[in-house]
Amino acid sequence: MPTSAGRNPRRLAPALRISVRSVERWRRAWRERGEAGVLSKGHRACLGPVKSGSPGWSGS
């Protein structure tokens, strides 16, 4: 399904090396919140160590 910009997410996703779903999420975030909606929140590894008991903590 073409978007308002005339670009099909199924054709755009491989060019960006991301999933179609990611294209759709980014477009929705841009539409709803502008630039702030698509700014990087950082890579999980860059956010510091995972603390005991927090999501993603395996305990091993």
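In the predicted model, Ser 19 is partly exposed, with a relative accessible area of 36%. This serine belongs to the loop that joins α1 and α2. Its C-alpha atom lies 8.8 Å from that of Pro 9, although 10 residues separate Ser 19 and Pro 9 in sequence. Arg 17 is located in the loop between α1 and α2 as well. The relative accessible area of Arg 17 is 78%, a value over the 50% limit, and the residue is therefore classed as exposed. The backbone of Arg 17 adopts a positive phi, near 60 degrees, in a residue other than glycine.

The chain as a whole contains three helices and zero strands, and the order of elements along the sequence is α-α-α. Of its 60 residues, 10% are counted as buried. The exposed surface of the chain amounts to about 5,400 Å², of which 55% is supplied by carbon and sulfur atoms.

Helix α2 comprises residues 20-33. At 1.5 Å a residue, a span of 20 Å is expected for the 14 residues of α2, and this agrees with the 20 Å between its end C-alpha atoms. Three residues of α2 are buried, namely Ser 22, Val 23 and Ala 29. Because these residues cover an arc of only 130 degrees around the axis, they are placed on the same side of α2. The cover over the buried residues of α2 includes both α1, residues 9-16, and α3, residues 35-38. On the other side of α2, Arg 31 and Glu 32 are exposed. The helix is followed by Gly 34, for which phi is likewise positive, near 65 degrees.

Arg 27 is also part of helix α2. With a relative accessibility of 23%, Arg 27 falls between the limits of 20% and 50%, so this residue is assigned to the partly exposed class rather than to the buried one. A separation of 10 residues in sequence divides Arg 27 from Gly 37, while their C-alpha atoms are 9.2 Å apart in space.

With regard to charged side chains, the structure holds one salt bridge. Its partners are Arg 33 and Glu 32, with a distance of 3.6 Å between the closest N and O atoms. This distance lies within the 4 Å limit, and the pair therefore qualifies as a salt bridge. In general, side chains of opposite charge can pair when their charged atoms come close. Glu 32 has a relative accessibility of 53% and is therefore counted as exposed. The acidic partner of the salt bridge is thus one of the residues exposed on the side of α2 other than the buried one.

A nonpolar patch is also present on the surface, formed by Trp 26, Trp 30 and Val 38. Together, the three residues of this patch contribute about 350 Å² of accessible area. Of the residues in the patch, Trp 26 is situated in helix α2, and Val 38 falls within the range 35-38 of α3.

Methods:
Residues are numbered from 1 along each chain as its sequence is written. This is a predicted model: local features need pLDDT of at least 70, side-chain atom pairs count only at pLDDT 80 or more; totals for chains, interfaces and linings use all residues. Side-chain values use heavy atoms; hydrogens and water are left out. Helices (H or I, at least four residues) and strands (E, at least two) are DSSP runs, numbered from the N terminus. Buried means under 20% relative accessible area, exposed over 50%, partly exposed in between (1.4 Å probe, protein chains only). Accessible areas come from the Shrake-Rupley method with a 1.4 Å probe; for residues, only the protein chains shown count as cover. Patches are made of residues with over 30% relative accessible area and no salt bridge: like charges are joined within 9 Å, nonpolar side chains (Val, Leu, Ile, Met, Phe, Trp, Tyr) within 5 Å. The expected span of a helix is 1.5 Å times one less than its number of residues. The arc is that of the directions from the helix axis to the C-beta atoms. Contact means heavy atoms within 4.5 Å.
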